[in-house]
Amino acid sequence: MGFDLSIPPQLQGAAAREDLAVCNKATAKYGLRLTEQQALGLVQRRGEALRATGRVEFGRGVIRELVLGFCDSPYLSQENYEETIADVQDVFYRRKEDSEVGEAMSDDDLVAALRYAFDHEAGGSTDVLADMPLAALRAHAERGRTGDYDEKTQNEEFEEEAARDGAEERVRDELSRAYDDERWERPGNDYAAGFYDGYNELYRIGFDSNSRIGGSSLG
């Protein structure tokens with residue numbers, strides 16, 4: 001397995017296991033879990049991303065921050081969890097390298113910006129996320145620092161939207177039932193009185209032989 005040579009493989013393995021324990025504890029409530037093999041695979045992808053961008057990084061990397069930052073996304077499931085984190089990690093290192101041309105973005109700002117873009121513009125697609133302009137990510141990071149982001153998580157927003165939709169559907173059902181009841185209820189007294197007045201008038205003026213009003217069939 002090709003590890004990043006900036007850290008000895010045995011230390012990378014130890015760091016991966018430490019990250020694994022922290023991450024799995026935090027993500028258990030979301031039904032997400034990485035195996036040790038998957039964690040080591042993410043370390044390997046990290047090394048590949050660093051080599052692709054020409055970066056040298058000391059320390060354990062950003063896997064833990066990505067997992068903790070993305071674990072409550074409504075677009076994550078156990079089926080796509082490992083692949084999504086691996087892809088986002090690739091995007092992180094590419095954008096980290098790009099950002100250093102100007103004012104460098106901190107790791108925390110970049111992770112927060114990627115998460116916001118992932119849930120919003122990208123709609124859960126890491127391919128779309130990879131094409132997000134750096135300027136857009138900088139704008140997201142700035143809004144995050146100034147507190148312009150809604151503090152609700154995307155899961156909370158989805159749950160509230162679903163609750164609103166459910167309430168609206170219940171109101172529509174109730175109105176529909178009320179309308180049907182009104183259509184089929186027994187006629188009121190005014191309606192009945194009008195009906196019988198019209199019926200009596202027909203008998204008063206009579207019918208002609210062709211059952212038309214205005215004549216009499218008698219005599």
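This is a chat about a predicted protein model and how some of its helices pack.

Me: Before we start, what kind of model is this, and how are residues numbered?
Reply: The model is predicted, so local features need pLDDT of at least 70 and side-chain atom pairs count only at pLDDT 80 or more, while totals for chains, interfaces and linings use all residues. Residues are numbered from 1 along each chain as its sequence is written, and side-chain values use heavy atoms, with hydrogens and water left out.

Me: Cool. How many helices and strands does the protein have?
Reply: You get nine helices and zero strands. Both are DSSP runs numbered from the N terminus: helices are H or I with at least four residues, strands are E with at least two.

Me: And how much of the protein is buried?
Reply: Buried residues are 34% of the 219 residues. Buried means under 20% relative accessible area, exposed is over 50%, and partly exposed is in between (1.4 Å probe, protein chains only).

Me: What about contacts between residues far along the chain?
Reply: Take the contacts with a separation of 6 or more: 63% of them come from residues 24 or more positions apart. A contact means heavy atoms within 4.5 Å.

Me: Let's do helices. At what angle do α3 and α4 pack?
Reply: About 120 degrees, with the axes of α3 (residues 63-70) and α4 (residues 81-99) 10 Å apart. That angle makes α3 oblique to α4. Under 35 degrees counts as roughly parallel, over 145 as roughly antiparallel, 65 to 115 as roughly perpendicular, and the rest as oblique. The axes are lines fitted to C-alpha atoms, for helices over the stretch in contact, and angles run from 0 to 180 degrees between N-to-C directions.

Me: Which residues make that contact?
Reply: From α3 it's Ile63, Leu66, Val67 and Phe70, and from α4 it's Tyr81, Ile85, Val88 and Gln89. By class, the contact of α3 with α4 has seven nonpolar residues, one polar and no charged. Here Ala, Val, Leu, Ile, Met, Phe, Trp, Tyr, Cys and Pro count as nonpolar, Asp, Glu, Lys and Arg as charged, and the others, Gly among them, as polar.

Me: Zoom in on Val88. Is Val88 buried or exposed?
Reply: Val88, in helix α4, counts as buried because its relative accessibility is 0%. Skipping neighbours within four places in sequence, Val88 touches Leu66, Phe70, Leu114, Thr126 and Leu129. Val88 and Phe70 are 18 residues apart along the chain, with their C-alpha atoms separated by 9.5 Å.

Me: New topic: how do α4 and α7 cross?
Reply: Their axes come within 11 Å and cross at roughly 90 degrees, with α7 covering residues 134-146. That makes α4 roughly perpendicular to α7. Arg95, Asp98 and Ser99 of α4 meet Leu134, Leu137 and Arg138 of α7. The classes there are two nonpolar, one polar and three charged.

Me: And how far apart are the axes of α5 and α7?
Reply: They're 8 Å apart, with α5 (residues 107-119) packing against α7 at about 105 degrees. So α5 and α7 are roughly perpendicular to each other.

Me: Last one: where is Ala122?
Reply: Ala122 is in the loop between α5 and α6 (126-130). At 7% relative accessibility, Ala122 counts as buried. Leaving out neighbours within four places in sequence, Ala122 contacts Ala117, Val128 and Leu129.
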